[in-house]
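Reader: I'm new to this one and would like to know what stands behind the words people use for it. Could we go through them?

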Amino acid sequence: MACQSVAAVMDEQALLGLNPNADACYRQRAMVYFEQLKESQDAWEVCAEALAKGIYNDDHVKFFCFQVLEHQIKFRHAGLSAMQQQLIRETLMKWLQCQLMNTHPEKPFIRNKAAQVFALTFIMEYLTHWPKFFYDILSLVGLNPHGVDVYLRTLMAIDAEVVDRDILHTPELVFVFAQETRRNTLIKDTMREQCIPSLVESWFQILQAYQQSHPELTCQCLEVVGAYVSWIDLNLIANDRFVNLLLSQMSVEELREEACDCLFEIVNKGMDPMDKTKLVESLCQVLQSAGFFNVEQEEDVDFLAKFSRLVNGMGQSLVLSWTKLAKGGNPKDTAETLQAVEAKVPLLLQLLVHEDDDISANIVGFCYEYLHVLKQLPQLTEQQKANIEAIMLAVMKKLTFDDEYNFENEGEDEAMFVEYRKQLKMLLDRLAQVSPELLLEAVRRVFTSTMQSWQTARFMEVEVAIRLLYMLGEALPVSHGAHFSGDTAKTSALQDMMRTLVSCGVSEYQHSSVSLEFFETVARYEKFFIVEPQHIPNVLMAFLDQRGLRHSSPKVRSRVAYLFSRFVKTLHKHMNGFIEGILSRIQDLLKLAPPENGFSALLTSDDQLFMFETAGVLIVNGESPVERKQAMMRSLLSPLMEAFTLLLAKLPQETEEERQVVLADCLSHAVGFASRTSKAFSNKQTVKQCGCTEVYRDCMQTFLPALSCPVQRGLLRSSVRSFLHRMIICMEEEVLPFIPAASEHMLKDCEAKDLQEFIPLISQITAKFKRHVSPFLQQVFMPLVLAIFEVLSRPAEENDQAAALEKQMLRRSYFCFIQTIASSGMNEVMANQGAENIERVVFTIIQGAVDFPDPVAQKTCFLILSRLVELWGGKDGMVGFPDFIYKHIVPACFLAPLKPTFDLTDAQTVLTLSECALTLKMIHLKRGPEFIQFLQQEYLPSLQVSPEITQELCQVLQQPDVKVLKSYIKAFFQRARL
């Protein structure tokens with residue numbers, strides 16, 4: 001035997017490193033030793049011998065030996081000699097034999113690893129060298145508990161490898177996956193033919209023998225049956241002998257949960273619809289007669305959760321059978337199956353309404369499917385209507401919070417209830433599809449009775465009543481939130497409920513969940529107030545006082561700030577009489593929170609953004625004269641400007657970084673708040689029409705000095721840049737005088753990210769003002785380009801991916817900027833930069849098109865090149881540019897697609913290739929026959945392109961159809977790659 005040539009002694013020093021508490025040097029030695037054993041042709045055999053003879057007692061060493069063996073089987077099996085493969089089989093069987101004689105079993109982690117190694121050996125050898133794999137194991141272990149344990153674990157490991165594979169289908173794995181799928185199919189087919197009946201018999205014997213003495217083995221065996229039932233002959237399991245055994249185990253406390261899961265897998269097995277109906281019905285009959293349907297008498301919630309899942313599986317299986325039969329089956333069978341579904345509804349309702357949410361959640365699927373069945377029926381019976389109503393009441397009850405829900409500090413339990421509520425919402429939506437009238441009436445009944453006695457009701461009852469009204473908004477869909485027009489029955493019911501909500505005083509209820517639900521519902525049905533505007537004053541007061549923006553809960557205040565903004569935006573036409581009152585009441589909420597520690601503001605800075613936007617909407621959309629609007633806007637923004645000026649003066653004097661950050665944040669918030677007010681303007685109400693130009697100009701003069709602040713530059717520049725973006729949108733050409741100075745500051749000492757964010761600002765100005773900004777662009781063009789070149793040329797660490805990505809994004813931004821200039825009809829911006837500078841810029845475009853494997857940037861570069869050819873490539877174009885076309889642009893169109901990094905299977909790259917083809921087309925349009933002659937006589941011969949293909953390409957280029965050219969170019973480069 002080969003192992004005799006290896007000292008049958010393991011490196012004891014290295015083995016010490018396997019202990020988790022070992023020193024680092026020993027652990028390192030153990031890792032090196034592991035690699036040696038894995039890679040050696042035969043050194044691993046010492047591990048096989050150690051396992052076969054039980055030489056070591058240390059669990060970590062045993063596990064280590066199995067790991068070494070696992071590596072040989074998984075990665076080197078094909079290279080092992082016949083004797084070595086035989087050695088592995090013998091080792092495993094000897095180790096298994098040792099387990100039968102041991103008083104105590106191995107630790108679970110060792111048994112699991114052994115099972116994995118058995119399973120891998122089975123996969124490699126069952127079809128070839130070890131067809132009697134299961135026979136040998138079963139013959140050896142018999143009914144020995146230790147042996148049966150390893151046998152069952154091995155079966156689960158085989159299932160994990162052969163059946164339950166969860167493989168990522170990446171392109172490189174597709175071939176391997178296809179091979180494994182074929183192999184696994186062959187293994188399953190062979191097992192069905194040769195050994196499955198014997199395995200099933202062994203499972204029956206194990207289930208029978210161990211249900212009292214070794215319940216843990218019985219549970220393992222039930223898990224195996226559940227795993228294998230999906231692909232073996234169901235008749236082997238779904239027979240009286242086996243099912244009766246499983247049902248008897250449903251009554252054994254230690255086994256009932258696994259037995260439930262096993263029955264679930266049996267029920268889930270795909271089969272003929274009528275056979276499935278019969279199987280489910282026979283199971284239900286036995287379960288019902290055994291008393292399992294008496295859910296109220298069962299106290300074990302863990303079992304009931306499993307039982308609910310089983311009932312859900314049975315119900316969904318019956319619905320699936322009904323759906324198939326309804327499409328083309330026998331009407332009698334269809335009716336029988338529907339009757340079977342209906343018969344389960346009382347049980348469904350018991351489980352759905354159970355106080356334990358897990359039990360209830362497990363039956364939601366069946367409930368949803370059942371409602372879908374009712375939706376398809378032409379007419380509902382009285383019983384079906386009663387079922388719908390019962391489901392509605394169950395859903396309403398289960399939507400209710402319990403006493404333990406922690407609203408101020410929501411944890412995992414609370415998150416689970418929120419998810420469960422989403423499932424119940426799906427049921428409510430489905431109920432609305434089946435019978436909107438019944439749902440509307442049921443909600444109205446619950447809502448009205450609760451609102452009549454809200455003062456004495458518990459918070460969860462009040463919250464759920466309002467929640468149901470809120471949920472109707474989605475359950476009864478309408479276009480654009482028009483809930484109060486159209487169907488009078490529906491609109492009057494909703495209108496009545498909304499009237500009750502806003503007038504019954506429930507907004508005073510002292511619980512955050514009720515407060516939130518009140519405002520959420522008011523905002524959802526905001527169009528109610530267009531129909532009944534008389535309720536607006538009361539609701540505004542609720543928003544503004546301790547019920548809303550001044551509520552004791554920060555969570556409520558934060559949400560109300562957003563909802564108030566929405567409410568005002570929708571109803572701004574009805575706000576005219578309240579504007580001054582609202583602005584007066586929210587004045588303290590519009591203050592810039594001072595950067596002193598310990599100050600606790602009512603609203604966060606994010607919440608204040610909504611408040612400033614709301615204030616802006618009120619001022620801009622009000623019917624006040626222009627002078628009044630101007631005065632109110634100045635009153636809103638002046639405190640921000642004053643605070644900004646003071647804080648900006650303080651910032652450079654501050655030495656502590658932490659304090660600098662606090663001040664910079666505060667300055668950034670001031671700019672953000674001013675910026676947010678500008679969202680109120682529109683095409684109908686511009687800054688100029690509202691007389692607010694001067695105040696925003698003052699804001700710009702106040703904020704721009706922050707660009708030259710020597711500390712916290714990133715944050716300050718970012719906020720001022722965002723403000724300028726808004727001003728470009730809102731202020732038209734009044735913003736232009738500020739842009740040169742701002743640009744000068746932003747181009748000083750900048751990083752890649754600064755430039756990347758500055759370029760969109762320049763592009764926005766270019767696209768909006770075009771020729772108005774031509775002189776400025778001519779002036780800023782080269783400083784900006786040179787700043788970009790300087791940042792791109794800075795050395796970076798080879799493995800610094802963040803820096804590489806920043807440069808890539810900057811490069812893209814740069815090319816987009818050049819494209820904006822080129823496509824905005826401002827030829828003179830680039831043309832007036834001087835020949836040397838133009839050449840330098842255009843060379844970067846050539847480089848971007850060819851040298852950087854970034855299809856997004858490459859596409860932009862070809863767009864630019866095509867545009868430049870259009871502008872400068874004709875007879876009256878730029879002097880010397882035709883030569884540049886032939887020397888550089890034409891080669892770029894061929895060299896880029898020939899690069900190995902140019903992936904013609906990638907969609908983005910194919911778009912780049914299309915732009916490349918359009919560039920060639922544009923050159924032909926501008927240069928005509930001269931270009932064709934250049935390709936035929938000079939360029940294509942230099943690439944060794946045959947005369948036939950050259951002729952072909954030139955003919956396609958001269959055709960008018962661009963689609964033909966794009967297709968041809970793709971085929972041309974695909975051929976060139978071969």
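Author: What follows is a chat about why certain parts get the labels they do. Keep in mind that this is a predicted model.

Reader: Let's begin with helix H37. How do you know that its span agrees with what a helix should have?

Author: H37 takes in residues 774–793, which is 20 residues. At 1.5 Å a residue, the expected span is 28 Å, and the end C-alpha atoms are 28 Å apart, so the two agree.

Reader: Where in H37 is there a kink?

Author: At Val-780, shortly before the proline Pro-783, and the kink is about 35 degrees.

Reader: Which residues of H37 are buried, and what covers them?

Author: Among the buried ones are Phe-776, Leu-777, Val-780, Phe-781, Leu-784, Ile-788 and Phe-789. The cover includes helix H35 (739–746), helix H36 (752–769) and helix H38 (801–823), along with helix H39 (827–831) and helix H40 (835–850).

Reader: Staying with H36, why is Phe-758 called buried?

Author: Phe-758 sits in helix H36. Buried means under 20% relative accessible area, and Phe-758 has 1%, so the word applies. Leaving aside neighbours within four places in sequence, Phe-758 is in contact with Arg-721, Ser-743, Met-746, Leu-747 and Leu-784.

Reader: And what makes Ser-813 buried?

Author: Ser-813 belongs to helix H38. Its relative accessible area is 13%, and the cut-off is under 20%, so Ser-813 counts as buried. Not counting residues up to four places away in sequence, Ser-813 touches Gln-756 and Ile-759.

Reader: Why is Lys-770 called partly exposed?

Author: Lys-770 has a relative accessible area of 39%. Buried would need under 20% and exposed over 50%, so Lys-770 falls in between. You'll find Lys-770 in the loop between H36 and H37. Its phi is positive, about 40 degrees, although Lys-770 is not a glycine.

Reader: What makes Gln-944 exposed?

Author: Exposed takes over 50%, and Gln-944 has a relative accessible area of 69%, so it qualifies. Gln-944 lies in the loop between helix H44 (929–942) and helix H45 (947–958). Phi of Gln-944 is near 60 degrees, again a positive value in a residue other than glycine.

Reader: Now for packed helices. Why are H15 and H19 called roughly parallel?

Author: Helix H15 (residues 301–328) and helix H19 (residues 364–376) pack at an angle of about 25 degrees, with their axes 8 Å apart. Angles under 35 degrees count as roughly parallel, so H15 and H19 earn that name. The residues making the contact include Val-311, Gly-315, Val-319 and Trp-322 of H15, and Phe-366, Tyr-370 and Val-373 of H19. H15 passes H19 in a left-handed crossing.

Reader: Then why are H8 and H10 called oblique?

Author: The axes of helix H8 (residues 145–162) and helix H10 (residues 196–210) come within 12 Å and cross at roughly 135 degrees. Roughly perpendicular runs from 65 to 115 degrees, and roughly antiparallel starts over 145, so H8 and H10 are left as oblique. The contact is made by Pro-145, Val-148, Tyr-151, Leu-152 and Leu-155 of H8 with Leu-199, Ser-202, Trp-203, Ile-206 and Tyr-210 of H10. Here too the crossing is left-handed.

Reader: What makes H17 mostly covered?

Author: Helix H17 (residues 345–352) has eight residues, and six of them are buried. Those six are Val-345, Leu-347, Leu-348, Leu-349, Leu-351 and Leu-352. Their cover includes H15, H19, helix H16 (331–343), helix H18 (357–361), helix H20 (382–398) and helix H21 (412–434).

Reader: How do you know that Glu-125 is buried?

Author: Its relative accessible area is 1%, set against a cut-off of under 20%, so Glu-125 is buried. Glu-125 is in helix H6 (residues 108–125). Beyond its neighbours within four places in sequence, Glu-125 is in contact with His-77, Gln-85, Arg-89, Trp-130 and Pro-131. The C-alpha atoms of Glu-125 and Arg-89 are separated by 9.5 Å, with the two residues 36 apart along the chain.

Reader: Last one: why is His-71 called buried?

Author: His-71 has a relative accessible area of 14%, and under 20% is what buried means, so the label holds. His-71 lies in helix H4 (residues 59–75). Leaving aside neighbours within four places in sequence, its contacts are Lys-38, Glu-39 and Arg-76.

Terms used: Residues are numbered from 1 along each chain as its sequence is written. This is a predicted model: local features need pLDDT of at least 70, side-chain atom pairs count only at pLDDT 80 or more; totals for chains, interfaces and linings use all residues. Side-chain values use heavy atoms; hydrogens and water are left out. Helices (H or I, at least four residues) and strands (E, at least two) are DSSP runs, numbered from the N terminus. The expected span of a helix is 1.5 Å times one less than its number of residues. The bend at a residue is the angle between axes fitted to the seven residues ending there and the seven starting there. Buried means under 20% relative accessible area, exposed over 50%, partly exposed in between (1.4 Å probe, protein chains only). Contact means heavy atoms within 4.5 Å. Axes are lines fitted to C-alpha atoms, for helices over the stretch in contact, and angles run from 0 to 180 degrees between N-to-C directions. A crossing is left-handed if the near helix is turned anticlockwise from the far one by less than a right angle, and right-handed if clockwise.
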